[in-house]
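Here are three short exercises to work through with the model open beside you. Try each task before you read its solution.

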Amino acid sequence: MLSHIISSSGFRPFSQCLLSRIRSTVGSGPDCLIQQSAFRLKFSRSWSNIPFITVPLIRTHGKPFAHRSELKHAKRIVVKLGSAVVTRGDECGLALGRLASIVEQVSVLQNQGREMILVTSGAVAFGKQRLRHEILLSQSVRQALHSGQNQLSEMAIPVLEARACAAAGQSGLMALYEAMFTQYSICAAQILVTNLDFHDEQKRRNLNGTLHELLRMNIVPIVNTNDAVVPPAEPNSDLQGVNVISVKDNDSLAARLAVEMKTDLLIVLSDVEGLFDRPPGSDDSKLIDIFYPGDQQSVTFGTKSRVGLGGMEAKVKAALWALQGGTSVVIANGTHPKVSGHVITDIVEGKKVGTFFSEVKPAGPTVEQQGEMARSGGRTLATLMPEQRAEIIYRLADLLTDKREEILLANKKDLEEAEVKGRLASPLLKRLSLSTSKLNSLAIGLRQIAASSQDSVGRVLRRTRIAKDLELEQITVPIGVLLVIFESRPDCLPQVAALAIASGNGLLLKGGKEAAHSNRILHQLTQEALSLHGVRDTVQLVNTREEVEDLCRLDKLIDLIIPRGSSQLVRDIQKAAKGIPVMGHSEGICHMYVDNEASVDKVTRLVRDSKCEYPAACNALETLLIHRDLLRTPLFDQIIDMLRVEQVKIHAGPKFASYLTFSPSEVKSLRTEYGDLECCIEVVDNVQDAIEHIHKYGSSHTDVIVTENEETAEFFLQHVDSACVFWNASTRFSDGYRFGLGAEVGISTSRIHARGPVGLEGLLTTKWLLRGRDHVVSDFSENGTLKYLHENLPVPQRNTN
């Protein structure tokens with residue numbers, strides 16, 4: 001997202017280019033000094049690649065933001081860089097790469113119209129590097145020559161006093177910041193403060209006026225404690241009452257500045273991901289997503305950072321003080337190489353990064369708590385008798401018909417709100433709509449699931465006698481916790497819930513805002529059915545302001561993500577998922593090939609049903625492939641006439657357009673999923689040409705051949721590499737309900753685990769059970785007393801009634 005400049009090797013982040021120029025000027029060894037005049041880099045830049053957020057940035061300071069999603073409205077922001085962020089791992093010198101990236105992010109936000117204030121450490125570390133160099137140079141040259149290079153490198157360097165290091169490092173640190181900000185056409189100004197500056201009323205007013213004037217002139221103030229003159233810190237003196245906070249370290253300085261300047265947001269960057277409920281790295285430690293005042297008792301603090309004065313306890317105290325003063329606070333990791341390049345901008349965009357301090361507790365459980373409840377409930381659900389799980393699903397099916405009026409009333413509210421806002425396209429409005437017939441079909445599908453789920457969990461797939469009295473079984477078990485994300489499809493909720501119940505899985509559901517009323521009542525009915533056997537919490541509806549991208553990062557809570565919605569939604573989720581498998585398809589580009597031996601009577605029926613019956617569905621026809629011998633024949637004319645009657649807009653493929661004098665609009669891409677009454681027509685030479693076209697432009701979803709030649713049909717069926725391949729049947733049959741699966745969680749084009757319409761079987765995995773009698777591996781060694789048998793044993797027959 002950050003700006004790029006062109007280099008000889010292609011595009012590189014600007015911070016990397018800046019860093020390479022700084023290193024070429026400064027160097028990176030301990031003997032390298034920085035001079036302010038050395039950093040006037042002369043080249044022009046364009047800001048066209050920097051994303052400007054079009055959100056109102058005018059905000060009256062008062063209460064802190066209640067939710068992360070509101071952080072994008074922050075106008076005035078303080079960014080505090082901890083010592084561990086600014087310094088290198090050897091605590092001697094600065095981490096130039098991180099600083100360059102941080103400066104770039106601050107510059108991007110500044111150029112969006114925000115007011116940025118930087119509170120930075122680093123002067124001591126920078127001065128330490130400089131003084132070490134001076135000490136080495138001051139050693140006697142003769143002594144150095146006589147002692148030898150090895151002894152020189154091991155020469156003892158006296159302990160350096162921190163104030164002296166700070167005095168030696170301040171000018172160089174500021175010169176570095178000036179050089180970096182200059183490249184973004186931003187001016188920076190240095191302000192050094194001590195605790196006394198905040199206790200003297202006149203000095204406080206002067207400081208406040210200076211900062212406001214700098215911000216008014218679009219200058220970034222860079223603030224630091226004046227460590228050259230500051231007295232040694234007193235233990236536990238950083239917090240003195242409610243209204244006053246002493247400036248003991250840069251954590252308390254940042255909090256004090258944030259409140260004094262009435263800033264909207266304070267970002268505290270450290271070397272840990274945020275606040276944990278116990279010391280990071282310890283067993284069972286968990287990152288706290290949102291921290292509320294009064295939660296200190298639930299946190300065990302560890303040791304302080306490897307460098308700097310403040311530890312996590314100091315950061316929390318400072319953060320709570322700032323929060324009480326009306327400033328929102330986020331504590332996050334500024335050192336992790338994978339996130340430090342965008343951590344600040346991610347926080348401002350409202351992404352789930354670090355620990356967010358809030359005064360407003362949510363009415364319900366957090367999504368992490370919901371995930372734990374779903375896992376616990378799923379494990380209990382899996383231990384129920386098959387008949388009990390079936391009873392829950394039958395009960396849900398009955399509720400869909402019994403509570404029909406309430407469901408349709410809630411759905412009517414969603415439809416009315418969607419029409420007023422005008423944000424949904426016609427295909428999405430159709431998906432959003434529920435009807436009596438839809439509810440009846442849902443109920444029938446749920447009863448099919450209940451009937452087929454009797455022996456789904458715990459079914460024996462394989463039995464093997466490893467040795468005498470040592471038997472192995474492979475059985476089916478639930479996957480764990482499923483996250484299903486769907487948009488504009490409230491009918492998806494009971495379908496997926498029933499499949500999760502039948503397979504013994506916990507379930508998190510994240511529906512679109514446009515279906516909020518429908519989803520709420522359908523979830524209530526699902527939990528009412530689950531209460532029949534005491535597993536109400538197994539299915540959870542995520543109603544918090546969690547972004548989909550944040551949900552996809554909960555790899556410790558979620559075992560499988562199933563997106564149900566547009567191809568863009570699926571692609572976004574596949575990109576955002578971190579360590580969690582995603583089941584689904586990004587596109588439904590379905591083809592129908594009309595062979596030269598196709599039946600005239602069948603073709604128009606199949607094309608009409610595939611394209612016009614429900615054009616918004618992922619299994620609707622998108623590209624019609626016509627054998628070239630059929631052009632200018634009555635059959636071809638009938639197809640075109642039918643599409644015109646159905647008001648289907650036709651796009652001509654390149655080959656088809658070449659045959660026509662006046663052709664329809666030529667298709668922009670042969671890889672297009674229209675999702676509406678639009679269709680591409682292309683010409684192919686034969687069945688092999690059709691197969692090659694499908695493999696090149698298709699999405700491996702559903703593809704059909706229409707022909708009366710059985711040999712040609714079988715060739716097509718065997719050679720097309722898609723999840724569903726049909727002969728003389730509509731593409732719309734690619735559906736879990738129509739396949740007899742009862743319902744589906746989606747259609748997968750993946751080649752691992754499940755493919756095609758994914759029903760109950762696709763939500764199961766396996767585990768191995770080994771039953772022995774004091775068996776040890778050494779008994780099967782060359783000199784052992786036992787031998788492997790590996791005999792296949794009969795498997796209990798599955799109940800198919």
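**Exercise 1: the surroundings of Thr538**

The side chain of Thr538 comes within 3.2 Å of the backbone oxygen of Gly377. This is a predicted model, in which local features need pLDDT of at least 70, side-chain atom pairs count only at pLDDT 80 or more, and totals for chains, interfaces and linings use all residues. Residues are numbered from 1 along each chain as its sequence is written, and side-chain values use heavy atoms, with hydrogens and water left out.

Task: find out where Thr538 lies, and whether Thr538 is buried or exposed.

Solution. Begin with the chain: Thr538 sits in the loop between helix 18 (516-530) and strand 17 (539-541). (Helices, H or I of at least four residues, and strands, E of at least two, are DSSP runs numbered from the N terminus.) Next, take the relative accessible area, which is 0%, so Thr538 is buried. (Buried means under 20%, exposed over 50%, partly exposed in between, with a 1.4 Å probe and protein chains only.)

**Exercise 2: a ring pair**

Task: decide how the rings of Phe780 and Tyr788 are arranged.

Solution. The aromatic pairs number 6. For Phe780 and Tyr788, the centres are 4.4 Å apart and the planes stand at 15°, so the pair is stacked. (Rings of Phe, Tyr and Trp, its six-membered ring, pair if their centres lie within 6.5 Å; planes under 30 degrees apart are stacked, over 60 edge-to-face, the rest tilted.) Finally, check exposure: Phe780 is buried at 14%, whereas Tyr788 is partly exposed at 45%.

**Exercise 3: a sheet**

Task: which strands are the edge strands of the open sheet with the order 27-14-13-28?

Solution. This sheet has 4 strands with antiparallel pairing. Its edge strands are strand 27 (764-771) and strand 28 (791-793), each pairing on one side only. (Two strands pair if DSSP finds at least two bridges between them.)

Note on methods
A polar contact is a pair of N or O atoms within 3.5 Å; within protein, one must be able to donate a hydrogen and the other to accept it, and residues adjacent in sequence count only if both atoms are side-chain atoms.
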